[in-house]
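Biologist: Please take a close look at a single part of this model and then place that part within the chain as a whole.

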Amino acid sequence: MLSRLAARTVQEVRPLVLVRPTSTSAVQRAEQRDEANFPRPVRPVEPGKVRLGFVPEEWFQFLYPKTGVTGPYVLGLGLTTFLCSKEIYVMEHEYYTGISILLMVVYAVKKFGPVIGQTLDKKIEDIEQSWRDYREGSIIQVKESMEKEKEAQLSAKGQDMLFDAKRENVALQLEAAYRERLARVHSEVKKRLDYQLEVANVKTRLQQKHMVDWIVKNVKGSITPAQEAATLKQCMADLKALAPKA
């Protein structure tokens, strides 16, 4: 029975989970704030109003609808009289010491309070000014960062154009290299063809020269001395016949 009770108790225990709003919650995702119904809290610069030097004004306003204007005073005086008369609050020697200390504190507050208050207010203003300067400086820095980011984006777009220009330049360089190599191939092929043509021309000239020399040699070899002498005589005769005409 005890084991069943313990098991049931263990099963009924639930872990406590604390949840806080994150950046994805509906509170953080709200685009606008209802300033009229839910105003932002503002830190008061001056303390609230008090009466008799230490009693908050809200207490009098709370008791005013029920007791009237003199109600809080009568309540305080009556409560003090009750405590003292019933000796709930005993006025021993420490009581008068407290009154003396209270008078000295009041005198110190009246005498040195304004000077100390001005000094502290000046320090608070300096601290708040430093916070405002830091905030404004942070805003300016963020704006400058945004401007730099925009410039970086423009530079990135310019880099795309630069990359396109570089690609075009590389394509032109490749085209120029291709045409240069094509011209070199054409020149080399032309040189080889010219060499083959020159070889063929030289071979043809040698063959023609050899053929002419062979024909001349054979012709000279076929002419007899008598034929040569007759030809010379005939030439001389022709020259003599042409001389008077000239």
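Modeller: The part chosen here is Lys 49, which is exposed in this predicted model, because its relative accessible area of 68% is over the 50% cut-off. Lys 49 belongs to the loop that runs between helix 2 (26-29) and strand 1 (50-51). Leaving aside residues up to four places away in sequence, Lys 49 touches Val 55, Pro 56, Glu 57 and Glu 58.

As for the chain around Lys 49, its secondary structure amounts to six helices and two strands, and along the sequence these elements follow the pattern α-α-β-β-α-α-α-α. Of the 246 residues of the chain, 3% count as buried. The chain exposes about 23,600 Å², of which carbon and sulfur atoms supply 64%.

Helix 5 covers residues 93-222. At 1.5 Å a residue, its 130 residues should span 194 Å, and the end C-alpha atoms lie 178 Å apart, which agrees. Helix 5 also contains a kink of about 55 degrees at Phe 112, shortly before the proline Pro 114.

Confidence should be read alongside this picture. The mean pLDDT of the chain is 81, with 86% of its residues reaching 70 or more. Within the chain, confidence is highest in helix 5, at 90, and lowest in helix 1 (residues 2-12), at a mean of 42. The pLDDT is below 50 over residues 1-30, a stretch that has four contacts in the model beyond near neighbours in sequence.

Notes: Residues are numbered from 1 along each chain as its sequence is written. This is a predicted model: local features need pLDDT of at least 70, side-chain atom pairs count only at pLDDT 80 or more; totals for chains, interfaces and linings use all residues. Side-chain values use heavy atoms; hydrogens and water are left out. Helices (H or I, at least four residues) and strands (E, at least two) are DSSP runs, numbered from the N terminus. The expected span of a helix is 1.5 Å times one less than its number of residues. The bend at a residue is the angle between axes fitted to the seven residues ending there and the seven starting there. pLDDT is the predictor's confidence in each residue, from 0 to 100. Contact means heavy atoms within 4.5 Å. Buried means under 20% relative accessible area, exposed over 50%, partly exposed in between (1.4 Å probe, protein chains only). Accessible areas come from the Shrake-Rupley method with a 1.4 Å probe; for residues, only the protein chains shown count as cover.
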